[in-house]
Structures are given as C-alpha cells and as structure tokens.
Amino acid sequence: MSTTTEDRTDVETDHVALLMDGMKNTETATERAAKSTMLTPRFYTTDFKAMDALDVSPVRAEWDRMMAEYEGDNNQDHFKRDAAFGEELKVLMPQLSPELRQEFMDFLISSCTSEFSGCILYNEIRKNVSNPDIKQLMAYMARDESRHAGFINQSLKDFNLGIDLGSLKRVKAYTYFKPKYIFYATYLSEKIGYARYITIFRQLERHPDKRFHPIFRWFERWCNDEFRHGESFALMMRAQPHLLAGVNKLWIRFFILAVYATMYVRDHTRPMLHEAMGFKSTEYDYEVFRITSQICRQVFPVEVDIDHPTFRACMDRLLSISLANDRAVARGGVVGAVQRGVCAAKAFFTFGRLFLVPVKQHELPKDIRLDPVW
C-alpha cells in the first residue's frame with residue numbers, strides 16, 4: 001500500500017483517513033466501485049450504542065489471546081511490493097489477453113471495494129464506542145483492511161486505474177444493519193474471503209505456471225488476516241448465545257444462502273479468470289463453499305447442504321435469472337422494465353425454494369478458536 005499510510009494501531013488512528021490521503025490524484029475506477037447492485041460489495045452502518053454495550057467476558061480467555069495476536073501484528077511488513085513483484089509484473093502483464101485483463105480488473109475493483117467497506121465499518125464503530133474491548137478490536141481490524149485495500153489499489157494502478165477512495169466513501173450508498181446482522185454477514189464475508197484466497201493460493205502453489213499476476217503470492221498471509229477477523233466475530237457471537245438459537249437460526253440460514261448465491265452468480269461472470277488459474281467456476285465455488293461450511297461449524301448451529309440436488313439446481317437457476325436480468329437492463333424501456341420485474345419475481349421464488357432445502361444441525365464445539373489450516 002502507499003508508503004504514506006502509517007501502521008499505527010492505537011485506538012485513535014483513523015485508518016480510513018490515512019488510506020484516502022495515500023490514494024489521491026489517481027486515475028479512477030470509482031464509478032464502477034460506487035455502483036450498488038445485488039452483486040457488488042456494499043457499505044454498512046449499524047447501531048453503535050448496541051455495539052458499545054457488548055460484553056465479551058464469557059469468552060475472555062480466548063479474547064485476550066486473540067488481542068495478543070492482533071498486537072503482535074505478524075503482517076506489518078507484508079503488504080509491500082518487493083523487487084521480485086516488479087520483475088514478475090513486467091513479464092506477466094503483456095501476456096494477459098484483453099478478456100482476462102478485464103475480468104482481473106473487475107476482480108481487483110470488487111476486492112478493493114470489499115476491503116475498504118470493512119475498513120469504513122470498523123473505523124466508524126471504533127470512533128463511536130467507548131467499550132475498550134470493542135474499540136481496540138475495531139482499530140486492529142480497520143488497520144488490516146486499510147492495508148488490504150491500499151495494496152489492491154496499487155495493483156489497479158498497474159492498469160492505469162485506481163479507486164478514489166475518498167470519493168467512493170462520499171458517494172456510495174450505505175446499508176443499515178442491526179448488529180446481529182452485521183455479525184452474521186461480516187463473519188461469513190471474512191471466512192468466505194479466507195476460503196476464496198486460500199483456495200487460489202493452494203492452486204497456484206501446486207501450479208505456479210498458472211500464476212498470471214504476482215499479487216497471488218501474497219494471498220496466504222493476507223487471508224490469515226481475514227480468518228482472524230472471522231474469529232473475532234465468532235467470539236462476539238459465542239459471547240451472546242441467544243444470537244445462535246431460536247428464530248435467529250433462520251436468519252443465519254438466510255445469510256449463508258444469500259452470501260453463497262451472490263458469490264456463485266458473481267463468479268460465473270468471470271469464467272476466464274478462473275480458467276486462467278486452472279479452475280472451472282462451478283468447481284471453484286463449491287470448494288469454497290465446502291471450506292466455509294467446515295469453518296462455520298465453530299459458531300453456526302446450522303449448515304446448508306451444498307450437495308443437495310435442489311441447492312445446486314437453485315444456484316444454476318439464480319445464475320440464469322441474473323443473466324436474463326442483465327439482458328433486460330441492456331434492453332431498457334418499458335419492455336426491459338417488465339422483464340426486470342419478471343426476473344425479480346423468479347429470483348424471489350427461487351431463493352424461497354433454496355431456503356426450504358433441509359439443513360444440517362449440530363452442536364457447537366467447546367473450543368471456539370480455529371487455526372487456518374486449509
């Protein structure tokens with residue numbers, strides 16, 4: 001990331017401001033990042049008073065060990081481009097086809113927006129709470145996400161692009177979520193982010209000839225940050241057992257399905273990206289689903305059955321509906337609007353079928369923390 005971004009980790013550090021200051025005067029991909037659709041990363045806000053009232057004392061021992069890991073900051077020197085990065089870039093960039101180049105740029109824009117979204121959310125919580133446990137945690141996670149977003153934005157500049165993060169923060173719409181929805185959605189986002197990155201890293205570790213950009217060499221330690229962030233939300237949820245019982249099981253089920261469906265549809269818009277790494281989009285997604293489902297057993301008492309025939313059929317159906325909706329948007333006019341309405345109704349019905357697929361139930365493990373061993 002930019003050398004102007006400081007790596008302080010005290011609770012008064014505004015990592016969003018530091019990150020934006022380091023990314024001024026770039027050519028931008030901001031307009032694309034600012035779009036809000038079902039498939040693009042969103043910006044969130046929440047109930048800060050409720051966050052301030054969180055009590056983590058039921059998981060104090062695990063919490064203190066986790067905070068010590070954050071303080072140790074084993075990635076403080078990781079997000080810097082070395083000489084080998086530049087040399088590899090010179091060799092690989094000219095080899096990218098225009099189609100792969102576009103899909104990879106889309107991937108970087110989406111990833112940068114997602115990381116910056118986390119940075120903003122955590123930074124806003126940090127500024128609006130006085131609870132020392134939550135304040136310090138949010139400072140650490142904002143620090144990590146700032147590094148991630150800045151590092152990706154540097155790679156966008158290799159394509160003569162860059163997201164104006166200051167402008168993006170001002171113009172992109174924000175979605176309000178209650179804290180419990182933030183916990184479910186962000187836990188899943190961080191854990192599925194780990195699963196995505198580690199699956200790519202392991203594939204390119206086995207097949208280095210498929211690594212078409214040097215940024216992939218950073219993915220293992222990078223995704224360990226994502227894993228730890230997920231651990232943080234796991235501890236907060238386990239400290240509040242009511243969030244994992246009763247009607248909240250239905251909300252957990254909803255968020256798992258929504259995150260999986262969004263990823264499946266979005267990833268199938270980038271087939272060349274996965275093919276270049278030696279994947280098929282469907283195979284890649286189901287491997288990510290498998291890893292994420294295994295990880296989520298630490299905190300979620302329900303698990304969706306990703307191998308159920310109806311689950312797989314509904315995923316493919318949602319993809320077809322999304323493609324039809326794109327055609328309707330391109331058509332425009334009254335006919336296009338009617339077609340979009342039909343697509344919305346079909347998507348709602350299909351997601352309802354997906355929600356009715358039987359889930360697997362299990363007891364939560366006594367030991368909450370996990371290691372990133374995938």
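These exercises work through helix packing and buried residues in one predicted model.

The model is predicted: local features need pLDDT of at least 70, side-chain atom pairs count only at pLDDT 80 or more, and totals for chains, interfaces and linings use all residues. Residues are numbered from 1 along each chain as its sequence is written, and side-chain values use heavy atoms, with hydrogens and water left out.

**Exercise 1. Describe how α9 packs on α13.**

Step 1. Locate the elements. Helix α9 spans residues 179-206 and helix α13 spans residues 281-296. Helices are DSSP runs (H or I, at least four residues), numbered from the N terminus.

Step 2. Take the geometry. Two packed helices are described by the angle between their axes and the distance between the axes. Here the angle is about 130° and the axes are 9 Å apart. Axes are lines fitted to C-alpha atoms over the stretch in contact, and angles run from 0 to 180 degrees between N-to-C directions.

Step 3. Classify. The pair α9 and α13 is therefore oblique. The classes are roughly parallel under 35 degrees, roughly antiparallel over 145, roughly perpendicular from 65 to 115, and oblique for the rest.

Step 4. Assign the hand. The crossing of α9 and α13 is right-handed. That term applies if the near helix is turned clockwise from the far one by less than a right angle, and left-handed if anticlockwise.

Step 5. List the contact (heavy atoms within 4.5 Å). From α9, the residues include Tyr 187, Lys 191 and Arg 196. From α13, they include Tyr 284, Glu 287 and Ile 291. By class, the contact of α9 with α13 has 12 nonpolar, two polar and three charged residues. Ala, Val, Leu, Ile, Met, Phe, Trp, Tyr, Cys and Pro count as nonpolar, Asp, Glu, Lys and Arg as charged, and the others, Gly among them, as polar.

**Exercise 2. Repeat the analysis for α7 and α10.**

Step 1. Helix α7 covers residues 132-157, and helix α10 covers residues 219-238. Their axes come within 11 Å and cross at roughly 155°. That makes α7 roughly antiparallel to α10.

Step 2. The crossing of α7 and α10 is left-handed.

Step 3. Among the α7 residues in the contact are Met 141, Glu 145 and His 148. Among those of α10 are Trp 222, His 229 and Phe 233. By class, the contact of α7 with α10 has nine nonpolar, three polar and four charged residues.

**Exercise 3. Find the side-chain partner of Glu 231 in a polar contact.**

Step 1. Glu 231 lies in helix α10. Glu 231 counts as buried because its relative accessibility is 1%. Buried means under 20% relative accessible area, exposed over 50%, and partly exposed in between (1.4 Å probe, protein chains only).

Step 2. The partner is Lys 191, at 2.6 Å. A polar contact is a pair of N or O atoms within 3.5 Å; within protein, one must be able to donate a hydrogen and the other to accept it, and residues adjacent in sequence count only if both atoms are side-chain atoms.

Step 3. Leaving aside neighbours within four places in sequence, Glu 231 also has Met 66, Gln 298 and Arg 369 among its contacts.

**Exercise 4. Place Asp 267 and Asp 73, and say whether each is buried or exposed.**

Step 1. Asp 267 lies in helix α11 (residues 248-267). At 0% relative accessibility, Asp 267 is buried. Beyond neighbours within four places in sequence, its contacts include Arg 196 and Tyr 284.

Step 2. Asp 73 sits in the loop between α4 and α5. Asp 73 is buried at 8% relative accessibility. Its phi is near 50°, a positive value in a residue other than glycine.

Key: Helix = DSSP H or I, 4+ residues; strand = E, 2+ residues; numbered from the N terminus.
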